[in-house]
Amino acid sequence: MKPIVLAVSGHDPTGGAGIQADIEAILSQGCHPCTLVTCLTSQDTHDVRKLYPQPPETLAAQWEVLWSDMPVQAVKIGLLGSAEIATRLGALLRQTPCETVILDPVLRAGGGTELADERLIEVLCEELLPLATVVTPNLQEARRLSGKELPHQCASWLLERGCRAVLITGGDEPTPLVYNTLYWKHHHKTFTWEKLPGGAHGSGCTLAASLAALLARGLELEEAVRKAQQYTWNAIKYAFRPGQGKKIPDRFFWS
Ligand code: PLP
């Protein structure tokens, strides 16, 4: 049977990021996606305009019914939308532990809109980081969560909160190449990628969701991290521009 990956994330009507990005990436990696929507959004391919967080009770009710029916191998957490829903998700994950939890701490949209307030950041750090197998912040997010400056300082701070590994991505940094570094235990490994011009809306979701699926399929951490980056790089390479703003990754570039 296909491994089941549960994506807990926001809905982006453009189809570029959020739940739809997760569904496409998870399917593309040969797993079955299940979904819980944390918040609705109004947005276009330029920026997010508004978040409409869902009631935590709805999430809890859906979670309980789903988990009593299906064996979920991995959970991917993306945009949360409110501290309340993040707190409830932490409680649900402690009640029903999952071996693989990928946490993509979405703090700000590519277009610049803030997607997390200080309370949500606190819950992310206190309640969700300790439950995560891999956290996938970009460097700006890692700095904001940890209050540290250098990537290895940010990673040490995040690892001390109890997550098993941290993948700090550098796609948004003004460097000629992209450097993504995986930190775990006392190791680190940097992956270097050619920078693709323009970037794409929903690349972070694509990386985190494909990583969740690859781990659910049983790959080792380093191999899953390498393959998820390769897949995301290809999806961005074949990105297309359905609207008037940013491009959207082609997560089925291979088909
Ligand atoms: N909307 C949703 C629902 C998201 O999950 C995200 C990112 O994860 C965004 C918007 C922002 O996407 P980007 O920063 O790639 O433009």
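**Note on helix α2, its surroundings and the aromatic pairs**

1. In this predicted model, helix α2 has as its buried residues P56, L59, A60, W63, L66 and W67. Viewed down the axis of α2, these residues fall within an arc of 140 degrees, so they line one face of the helix. On the other side of α2, the exposed residues include V65, S68 and D69.

2. Helix α2 comprises residues 56-69, 14 residues in total. From its first C-alpha to its last, the helix reaches 20 Å, close to the 20 Å expected at 1.5 Å a residue.

3. The packing partners of the buried residues of α2 are three strands and a helix: β1 (4-11), β2, β4 (74-77) and α3 (83-95).

4. Two tryptophans of α2 deserve separate comment. Both W63 and W67 are buried. They are four residues apart in helix α2 and therefore separated by about one helical turn.

5. The count of aromatic pairs comes to four. In one of them, the rings of W63 and W67 have centres 5.0 Å apart and planes at 25 degrees; with the limit for stacking set at under 30 degrees, the pair is stacked. For F252 and W254, the ring centres lie 5.6 Å apart and the planes stand at 50 degrees, so this pair is tilted. F252 counts as partly exposed, at 28% relative accessibility, and W254 is likewise partly exposed, with a relative accessible area of 49%. One aromatic cluster is formed by Y231, Y238 and F253.

6. The largest nonpolar core has 45 residues, and those with the most contacts inside it are L6, V75, L80, L89 and L93. Apart from this core lies another, of 35 residues, with W193, A213, A228 and A239 among them.

7. Leaving aside residues up to four places away in sequence, L6 touches C34, T35, L36, W63, L66, W67, V72, A74, V75 and K76. The contacts of L6 thus include W63, L66 and W67, which are among the buried residues of α2.

8. Strand β2 (residues 32-43) contains T41. With a relative accessibility of 7%, T41 counts as buried, because the threshold is under 20%. A polar atom of the T41 side chain lies 2.7 Å from the backbone oxygen of H11, and the T41 side chain also makes a polar contact of 2.9 Å with the side chain of Q43.

9. Beyond residues up to four places away in sequence, T41 touches H11, D12, P13, K50, L51, Y52 and L79. H11 therefore appears both in this list and as the residue whose backbone oxygen faces the T41 side chain at 2.7 Å.

Methods: Residues are numbered from 1 along each chain as its sequence is written. This is a predicted model: local features need pLDDT of at least 70, side-chain atom pairs count only at pLDDT 80 or more; totals for chains, interfaces and linings use all residues. Side-chain values use heavy atoms; hydrogens and water are left out. Buried means under 20% relative accessible area, exposed over 50%, partly exposed in between (1.4 Å probe, protein chains only). A polar contact is a pair of N or O atoms within 3.5 Å; within protein, one must be able to donate a hydrogen and the other to accept it, and residues adjacent in sequence count only if both atoms are side-chain atoms. Contact means heavy atoms within 4.5 Å. The expected span of a helix is 1.5 Å times one less than its number of residues. The arc is that of the directions from the helix axis to the C-beta atoms. A nonpolar core is a set of buried Ala, Val, Leu, Ile, Met, Phe, Trp, Tyr and Cys residues joined through side-chain atoms within 4.5 Å. Rings of Phe, Tyr and Trp (its six-membered ring) pair if their centres lie within 6.5 Å; planes under 30 degrees apart count as stacked, over 60 as edge-to-face and the rest as tilted.
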